[in-house]
Amino acid sequence: MAMSVVALAGGVGGAKLADGLAQVLPPERLTVVVNTGDDFEHLGLHISPDLDTVCYTLAGLANRATGWGRADESWHFMEALKALGGPAWFHLGDRDLALHHERTRRLAQGETLSSVTRQLSARLGVRPTVLPMSDDRVRTYVQTDAGELPFQAYFVARACEPVVQGFRFDGVETALPAPGVLEALGSANAVILCPSNPWVSLDPILEVPGIRQALAGKVVVGVSAIIRGQALKGPAAKMARELGIDASTAAIADHFRGLLSGWVMDTQDAAEAERVQNAGAVAHTTDIVMKTSADRRRLAEEVLDFARRLTG
Ligand code: FO1
């Protein structure tokens, strides 16, 4: 029988591995729990970038060039907004806008984010279960040399330029895991930490009270988002350096010390396997770059085989 798997994911890298897992697991065996610390209100709309990246990717609708937003997109709204002098720093495509609008409308009627996500992801054609980490409002703030910035102000408006000093997940202490999260973790044979940013994608999920605790005693396999000191995408390596941590796959494994059973890292980092073992995780080296859909599937198969071996 196929394993039951919960994948914890942020944006682009997490969505790619989730897509690989969706290619090899029956949909009822895969739950993807997604970071909502990046969510924000913009132009009167509730934007959930990571949920949307995961759903578009699983639906085969993602923009392959950016990783976020929709394929086959047009930008008439943004162009018109810019011409009017409106805020054009955060790019919302015409088709993508429909999703933000519909989510916002349903939330305003009192629906929860998990219920809206369930319905809209089904409409998009997503088959595995996609859950926000929480229905409650959690917002990531990045503490920098330019002051404390809301996540998208740091990430998009300031292009990750300010020097990072720390993070704050506003609201997380009182947030509850979304309905279904603890149940899925409880019945999972393995939990996969997708190759997402450890500080701003995975930590917010793990900080939701009850989620980290639900991983105790589980087979937890992390997949590195860093190869040879470089992030596959995004600011993880830059953040590590600014936080005074070496930007290595072993340092990221160490960040998750106490949580991991296994760590999947790139063959190019094989020399760090011993440090990973010292951080308490069994190391597995392979090619972790996912350029094609076939790469996603192969890596997912390998991660699941590894998890199965660790299950014993
Ligand atoms: N990222 C950018 O770098 N620039 C953008 O203009 C932008 C727009 C955007 C719109 C919808 C969406 O779902 C995601 C979008 N992202 C954009 C990505 C997003 O800010 C980040 O990928 C995540 O928050 C980090 O995982």
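**Exercise 1. State what the buried residues of helix α5 pack against, and check the helix span.**

Solution. The buried residues of α5 pack against β4 (45–47), α2, α4 (94–108) and β5 (129–132). Here, helices (H or I, at least four residues) and strands (E, at least two) are DSSP runs, numbered from the N terminus. This is a predicted model, in which local features need pLDDT of at least 70 and side-chain atom pairs count only at pLDDT 80 or more, while totals for chains, interfaces and linings use all residues. Residues are numbered from 1 along each chain as its sequence is written, and side-chain values use heavy atoms, with hydrogens and water left out.

Step 1: list the residues. Leu113, Ser114, Ser115, Val116, Thr117, Leu120 and Ser121 are the buried residues of α5. Buried means under 20% relative accessible area, exposed over 50%, and partly exposed in between (1.4 Å probe, protein chains only).

Step 2: check the span. The expected span of a helix is 1.5 Å times one less than its number of residues. For the 12 residues of α5 (residues 113–124) this gives 16 Å, and the end C-alpha atoms are 16 Å apart, which agrees.

Step 3: look past the end. Gly125 follows α5 and has a positive phi, near 100°.

**Exercise 2. Describe helix α1 and its cover, then place Arg296.**

Solution. Step 1: α1 (residues 12–24) has 13 residues and reaches 19 Å from its first C-alpha to its last, close to the expected 18 Å.

Step 2: the buried residues of α1 include Val12, Leu17 and Asp19. Their cover includes β1 (5–9), β2 (30–34), α2 (49–58) and α13 (293–311).

Step 3: Arg296 lies in α13. Is Arg296 buried or exposed? Arg296 counts as buried because its relative accessible area is 8%. Leaving aside neighbours within four places in sequence, the residues in contact with Arg296 (heavy atoms within 4.5 Å) include Lys16, Asp19, Gly20 and Gln23.

**Exercise 3. Work out how strand β10 is paired and covered, then follow the chain to Ser224.**

Solution. Step 1: 5 of the 5 residues of β10 are buried. Val219, Val221 and Val223 point one way from the strand, and Val220 and Gly222 the other way.

Step 2: two strands pair if DSSP finds at least two bridges between them. β9 and β10 run parallel and are joined by 4 bridges; Ile192 has Val221 as its bridge partner in β10. With β13 (residues 262–266), β10 pairs in the parallel sense over 3 bridges, and Gly222 stands opposite Trp263.

Step 3: Ser224 is in the loop between β10 and β11 (226–227). Ser224 is buried, because its relative accessible area is 0%. The side chain of Ser224 reaches the backbone oxygen of Ile226 at 2.8 Å, and a polar contact of 2.8 Å joins it to the side chain of Thr249. A polar contact is a pair of N or O atoms within 3.5 Å; within protein, one must be able to donate a hydrogen and the other to accept it, and residues adjacent in sequence count only if both atoms are side-chain atoms.

**Exercise 4. Identify what surrounds the ligand.**

Solution. Step 1: which residues come nearest to the ligand? Of the 14 residues around the ligand (a heavy atom within 4 Å), these are Asp38, Asp50, Phe90, His91 and Gln152.

Step 2: a polar side-chain atom of Asp38 lies 2.8 Å from an oxygen atom of the ligand. For Gln152, a polar side-chain atom lies 2.8 Å from a ligand oxygen atom.

Step 3: α6 gives the largest share of the shell, 4 residues.
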